[in-house]
Amino acid sequence: MTADAGYNFAYLDEQTKRMIRRAILKAVAIPGHQVPFASREMPLPYGWGTGGIQVTAAVLGPEDVLKVIDQGADDTTNAVSIRRFFARTAGVATTTHTADASIIQTRHRIPEQALRADQILIYQVPQPEPLSGLEPSRAETRRMHALSEYGAMSVKLYEDITRFGQVSISYDYPVMVGGRYLMSPSPIPAFDNPKLDRMAALQLFGAGREKRIYAIPPHTEVRSLDFDDHPFRTTRAPHRCHLCDADGSYLDEIVTDDRGGRMFVCSDTDYCATRRDGGHAGGAA
Amino acid sequence: MLVDLPGFADPVRDAQACFRTVLAAMARPGTVHQAGEHLAPPAGLHRATAAVLLTLVDGETSLHVTDGFEVARDWIGFHCDMRAATAGHARFVLAERMVDLAALAAGSDEAPEESATLILQLPELQTGTSYLLDGPGLAHPAPFRARGLGEGFVAAWAANRARFPCGVDLILCSGTQVAALPRSLRITEG
């Protein structure tokens, strides 16, 4: 595939890419720390993945194979648009297969299939500041990060436990990176949090509106916040996938009619399709 | 004029390829990668060093070139649109001998990213003194060899590591080889 004429490779100009690349390197050197960057206006609105797109544009090369997922799915509007954007502006090959991709840009999921050392996972992040719900002032949260002053978050988890008997955060569950920085993993389900820990692939996070880039290097310890007597636990819908019968994947609930009909299917469409190709069949078959 | 020597033949692709090399080196400390094979930099500048400079330095950041690059200075100034700064303030420092890490910008606790990246040109990588690396990016402690980091390097690095999250990051270049030592690393003589 060839790129449309009139664009620089991957849309951004070279000056902008260098600025983003410098920020990415500092982010990798300080795991979990939010590095400010001069986020550009992109040809799609904030909230549609402008941060992830800018990181992808700075990293992407002509030999890369790009996969884009939105809530695990390759075929939703956001994923299709971003994949087409880079196919047009960079002429790169795209894929829906996790194993075939060298760069995976994601909105709010980590693929079920374990990623390899030669892959890079790039997250779209709406709110990079994990303390934003507890402390509105960015000047103050910067100081809290500087001092590693994260007691407020532990109090929030504690209050959840006293009121609900459990931590009531089901997505964007805060993590400690390398034992130093409290970090938002972006709104991935808490189900995906264990995959962050010691992942073989490099993980980059881009927040376009909030103008922050951060990173988790490969094999880095990422611990979901918890207490000794209330250890972190993941949850998933207690069902099997209706299409591929998987009993360990993260499931989406789909309403099928107006009489209470519903079914549960894998949120990771590539994982589900690969299983079905391999002969697995659920209740729908 | 030395600025007659070209930079990247294809600035877009070559810079991207070199960045991915540096990114891989920074994400996996101590691993050695290739960069700048097709460059023809002026005397005194190795090809990998030239590639890293062309990829990361421009007029929006600052560079301090230490003594020893007199021949290459004009080339760097021209191709990197170099904005010079003193060693203590520059975001990038180019050197061919180990410099005092404590004298370079280390950032602040609130903005540790406002720190220097030392681009250190060494006579040889993968030979010379043995070190053992451990930290983010490494599944297990990994051996690393380099010639020219100097006698007191392990102690100087320990002091650099003790300032984490502040500190200096190193990009090591030799010939067409690149490796990186981010500040998060623990280094012992191995």
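Contact means heavy atoms within 4.5 Å. By that rule, 38 residues of chain B are in contact with 41 residues of chain A. The structure is a predicted model, in which local features need pLDDT of at least 70 and side-chain atom pairs count only at pLDDT 80 or more, whereas totals for chains, interfaces and linings use all residues. Residues are numbered from 1 along each chain as its sequence is written, chains are lettered from A and ligands numbered from 1 in the order in which they are written, and side-chain values use heavy atoms, with hydrogens and water left out.

## Interface between chains A and B

The two chains bury about 3200 Å² between them, with 60% of it on carbon and sulfur atoms. Buried area here is the accessible area (1.4 Å probe) that two parts lose on being put together, summed over both. On the side of chain B, the residues that lose the most area to chain A are B:Phe19, B:Glu110 and B:Glu113, together 20% of what that side buries.

Across this interface there are 17 residue pairs in polar contact, both residues being at pLDDT 80 or more. A polar contact is a pair of N or O atoms within 3.5 Å; within protein, one must be able to donate a hydrogen and the other to accept it, and residues adjacent in sequence count only if both atoms are side-chain atoms. Helices H1 and H2 (47–56) of chain B are the elements that give two or more residues to the side of chain B that touches chain A. The largest share of that side, eleven residues, comes from H1 of chain B. Helices (H or I, at least four residues) and strands (E, at least two) are DSSP runs, numbered from the N terminus.

A:Lys26, which lies in helix H1 (residues 14–29) of chain A, has a relative accessible area of 9% and is therefore buried. Buried means under 20% relative accessible area, exposed over 50%, and partly exposed in between (1.4 Å probe, protein chains only). The side chain of A:Lys26 is joined to that of B:Thr117 by a polar contact of 2.9 Å. Not counting residues up to four places away in sequence, A:Lys26 also touches residues including A:Val35, B:Glu113, B:Asp169 and B:Arg183.

## Salt bridges

A salt bridge is a side-chain nitrogen of Lys or Arg within 4 Å of a carboxyl oxygen of Asp or Glu. The count is 28 over all chains, and six salt bridges are found between chain B and chain A. Four pairs are listed below.

| Pair | Closest N to O distance |
|---|---|
| A:Asp64 and B:Arg20 | 2.6 Å |
| B:Arg147 and B:Glu124 | 3.1 Å |
| B:Glu110 and A:Arg143 | 3.4 Å |
| A:Asp258 and A:Arg259 | 3.7 Å |

The salt bridge of A:Asp64 and B:Arg20, at 2.6 Å, crosses between chains, from the loop between helix H2 (50–59) and strand S2 (65–70) of chain A to helix H1 of chain B. Both A:Asp64 and B:Arg20 are buried. By contrast, A:Asp258 and A:Arg259 are exposed.

B:Arg147 and B:Glu124 form a salt bridge within chain B. B:Arg147 lies in strand S6 (residues 142–147) and B:Glu124 in strand S5 (residues 124–134), so the pair ties together parts that are 23 residues apart in sequence. Partly exposed status applies to B:Arg147, at 39% relative accessibility, and to B:Glu124, at 35%. In chain A, a network of salt bridges links A:Arg109, A:Glu112, A:Asp192 and A:Lys195.

## Nonpolar cores

A nonpolar core is a set of buried Ala, Val, Leu, Ile, Met, Phe, Trp, Tyr and Cys residues joined through side-chain atoms within 4.5 Å. The largest core has 70 residues, of which A:Ile24, A:Phe86 and A:Leu204 touch the most other members. Helix H1 (residues 11–27) of chain B gives the most to this core, with nine residues. Leaving aside neighbours within four places in sequence, the contacts of A:Leu204 include A:Ile24, A:Val55, A:Ile120 and A:Tyr214. A second, separate core of 28 residues includes B:Leu133, B:Trp157, B:Leu172 and B:Leu185.

## A buried histidine and the cysteines

A:His145 is placed in helix H4 (residues 138–146) of chain A and, at 8% relative accessibility, counts as buried. A polar contact of 2.8 Å joins the side chains of A:His145 and A:Glu129.

A disulfide is a pair of cysteine sulfur atoms within 2.5 Å, and the whole structure holds zero over all chains. The sulfur of B:Cys18 is 8.0 Å from the closest cysteine sulfur, in B:Cys173, too far for a bond. B:Cys18 is buried at 4% relative accessible area, and B:Cys173 is buried at 0%.
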